[in-house]
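Here is a short briefing on one protein and its ligand. Confidence comes at the start, then the ligand shell, then the overall fold.

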Amino acid sequence: MSGEDARRAGPSRRHFLTSAVGAAAAGVAAIQGGGAARAAEPFHGPHQGGITTPQQRHSYFAAFDLTAARREDVAALLRAWTDAAARMARGEPAQPWDGGLRLAVPDRTASGDDGYAKPDAAAMAGDSGETAGLAPARLTVTFGFGAGLFEKDGMDRYGLAAQRPAALAELPRFVGDQLVPAQTGGDLSVQACADDPQVAFHAVRQLVRIADAAAQLRWVQSGFLADAGAAQTPRNLMGFKDGTNNPPTDDAATMAQFIWAGDEGPAWMRGGSYLVARRIRIAVEHWDRMRIAFQEQTFGRTKLSGAPLGGKSEFDAPDLDASDSDGNPVIAENAHIRLAAPTANDGARILRRSYSYNDGINLTAERWPPWRHELEYDAGLLFVCYQRDPRSGFSRIFERMAKFDMLNQFVTHVGGGLFACPGGAGEGEFIGQALFAAA
Ligand code: HEM
């Protein structure tokens, strides 16, 4: 089956094939008892896991600020994180069960004269234990580098500034952005994805403990994806199938062209990809009061089938030139899929890998009559996309979308970040090793 045929056969079938091939090639360990939910994803390889990996059902995203003073401390952190992530992907504790070692980093509490007890490294547990006895649940941990690793407040803290890729330029401010600093940016990113929410959260929690004096959490976001079964594309919280027209991950040429960094940037980024995350709040109360026909115009797709308007089934190509008997476009000028289409954006393609979130409720107060006070959901989408270059990927597409998309009546971008995710690590290497070797 060619990549194109597989895509037309539907994403789940394609994912099944991808994982079957990947599993055979990488010798994936199927834990006793078998079944996709119990399998382990390989950690080592030319690309990091969690990018083209068939999407797991749960995600825990964390952005960190680096507090380490020296470059070797950052390298030590990445080595410790890599080792722990590889172990957890196999279903093992993050560090040997009763041997949780601190990094060899000057510790805030270890100097002896600061009033704190000196930590006894050997006495620290190597794992918190809540995944003991659980399967790896296809855990992947994907690491990314924010601009702050290379330069912060005009300072080249770690002597890495010369290695900053041009593609890691700050994203422009887009129309409508309401990014909250406490949920935006970060020097490092870690995204754990797994089919079990406890496994995903556990992975980040261990890495936070291991980071100790070298990095601290800046913002986090948990997310989930519906268990839509083998034959369906999962729906987002607006009730539409999401992910239909993603580039096919089993087509190596398409991935090389649009997703993996190549020779255009620094050598340490080859085989890596740039991650744009956006925490997008959705005004679901408002959306739920719209007619279905209006919702379908907003996306340019039929709600239940997922077919493009004017088409019959989900994987039909959208006909952006079709008009109705009155001469109006069948897919509105400001419909989401028209503004997002590669043909509208110089051929730009990104790989979307988003998760819904549901963080309780907030109080809102209107500043106009009748001054209603209401509770509204803090729910939406942690939009995550990967690309070879965000300038010709996310920014190229989102620049016009931010101005004209009908969807903007219902969504607000409140946080996120841009991270360079280096290529994968081989056995014995750590993520980003080539960066630290080059600088
Ligand atoms: C809450 C926010 C968003 C929601 C609910 C949403 C939902 C959707 C849905 C339902 C589709 C159609 C099915 C599919 O092809 O997956 C779609 C397509 C797409 N969206 Fe979004 N989206 C959101 C934000 C964004 C953002 C910020 C971008 C940034 C560039 C984006 C880029 C795309 C692209 C590239 C497509 C495929 C278009 C095509 O070629 O047909 N989306 N989105």
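**Confidence first**

Residues 110-118 keep a pLDDT under 50 throughout, and the model gives them five contacts beyond four places in sequence. The model is predicted. Across the protein, the mean pLDDT is 89.

**Where to be careful**

- Residues 1-34 also stay under 50 in pLDDT.
- For residues 1-34 the model has 48 contacts beyond four places in sequence.
- Where pLDDT is low, predicted coordinates should not be read in detail.
- Of the protein's residues, 86% reach a pLDDT of 70 or more.

**Ligand shell**

- The ligand has 28 residues around it.
- F240, T244, N245, A340 and I397 come nearest to the ligand.
- By class, the shell holds 18 nonpolar, six polar and four charged residues.
- Two strands are among the elements that each supply at least two shell residues: strand 5 (273-282) and strand 8 (373-387).
- Helix 8 (336-340) and helix 9 (394-404) each supply at least two as well.
- Helix 9 gives the most to the shell, with four residues.

**Overall fold**

- The protein is built with ten helices and nine strands.
- Of its 439 residues, 42% count as buried.
- Take the contacts between residues at least 6 apart in sequence: 76% of them join residues at least 24 apart.

Definitions and conventions
Residues numbered from 1 in each chain as written. Predicted model: local features only at pLDDT ≥ 70, side-chain atom pairs only at ≥ 80, totals over all residues. pLDDT = per-residue confidence, 0-100. Contact = placed C-beta atoms within 7 Å. Near = placed C-beta within 6 Å. Nonpolar A, V, L, I, M, F, W, Y, C, P; charged D, E, K, R; others polar. Buried ≥ 20, exposed ≤ 12 C-beta atoms within 10 Å, placed from the backbone.
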